Each structure stands twice: as structure tokens, then as C-alpha cells.
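Reader: I have a sequence and a model to go through. Please take the overall form before the surface and the single residues.

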Amino acid sequence: MTVLDILVPVLMVVGAIAVVALVYLVFTMLKDRGERRRDDQLMDELHSKRS
């Protein structure tokens with residue numbers, strides 16, 4: 001067994017975990033961005049009603 005026989009599967013697993021984590025972070029970021037935009041819109045409507 002060479003070092004590559006051990007290293008390649010380990011790197012593939014680590015890479016797969018990293019990809020899943022990045023996808024999760026991107027979806028979470030987009031979801032938070034949409035919620036923040038909606039909150040800002042609601043606050044703007046509230047302020048315009050009070051004026």
C-alpha cells in the first residue's frame with residue numbers, strides 16, 4: 001500500500017463534506033438574504049403608514 005492508496009479516499013471524503021457544507025452555506029445565505037429583504041420591506045410599509 002502506498003500513501004496515495006490511503007490519501008486519495010480520505011481526500012475524496014473530505015472534499016465531499018466540503019462541497020455539502022458549501023452548498024448548505026450558500027442556501028442559508030440566500031434564505032437569510034430573502035428574509036432580510038422581506039423584513040426591510042415590511043418595516044418600510046410600517047413607517048410609511050405612520051407618516
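**Overall form and surface**

Author: This is a predicted model. The protein chain has a radius of gyration of 22 Å, where a compact globule of 51 residues would have one near 10 Å.

Reader: What box do the C-alpha atoms of the protein chain fill?

Author: The secondary structure comes to one helix and zero strands. That helix, helix 1, covers residues 3-50. Taken along the principal axes, the C-alpha atoms fill a box of roughly 75 × 10 × 5 Å.

Reader: What percentage of the residues of the protein chain count as buried?

Author: To count as buried, a residue needs a relative accessible area under 20%. The accessible surface of the protein chain comes to about 5,000 Å², and 70% of that belongs to carbon and sulfur atoms. Of the 51 residues, the share that counts as buried is 0%.

Reader: Is Met12 buried or exposed?

Author: Met12 is found in helix 1. With Val3, Leu4, Leu7, Val8 and Leu11, Met12 makes a nonpolar surface patch of about 610 Å². Its relative accessible area is 59%, and the cut-off for this class is over 50%, so Met12 is exposed.

Reader: Which residues form the negative surface patch?

Author: Asp39, one of the patch residues, lies in helix 1. The relative accessible area of Asp39 is 40%, which means that Asp39 is partly exposed. The negative patch is formed by Asp32, Glu35, Asp39, Asp40, Asp44 and Glu45.

Reader: How far apart are the mean positions of the positive and negative charges?

Author: The protein chain has 7 positive and 7 negative charges. The mean positions of the two sets are apart by 7 Å.

Reader: How far apart in space are Glu35 and Met12?

Author: Glu35 is found in helix 1, and so is Met12. Glu35 is partly exposed, because its relative accessible area is 32%. In sequence, Glu35 and Met12 are 23 residues apart. From C-alpha to C-alpha, their distance in space is 35 Å.

Reader: And how far apart in space are Arg50 and Glu35?

Author: Arg50 is found in helix 1 and counts as exposed, because its relative accessibility is 67%. Arg50 and Glu35 are 15 residues apart in sequence. In space, C-alpha to C-alpha, Arg50 and Glu35 are apart by 23 Å.

Definitions and conventions
Residues are numbered from 1 along each chain as its sequence is written. This is a predicted model: local features need pLDDT of at least 70, side-chain atom pairs count only at pLDDT 80 or more; totals for chains, interfaces and linings use all residues. Side-chain values use heavy atoms; hydrogens and water are left out. Helices (H or I, at least four residues) and strands (E, at least two) are DSSP runs, numbered from the N terminus. Buried means under 20% relative accessible area, exposed over 50%, partly exposed in between (1.4 Å probe, protein chains only). Patches are made of residues with over 30% relative accessible area and no salt bridge: like charges are joined within 9 Å, nonpolar side chains (Val, Leu, Ile, Met, Phe, Trp, Tyr) within 5 Å. Accessible areas come from the Shrake-Rupley method with a 1.4 Å probe; for residues, only the protein chains shown count as cover. A salt bridge is a side-chain nitrogen of Lys or Arg within 4 Å of a carboxyl oxygen of Asp or Glu. Lys and Arg count as positive and Asp and Glu as negative; His and the chain ends are not counted. The place of a charge is taken as NZ of Lys, CZ of Arg, CG of Asp or CD of Glu. The radius of gyration is taken over C-alpha atoms; the globule rule is 2.2 Å times the number of residues to the power 0.38.
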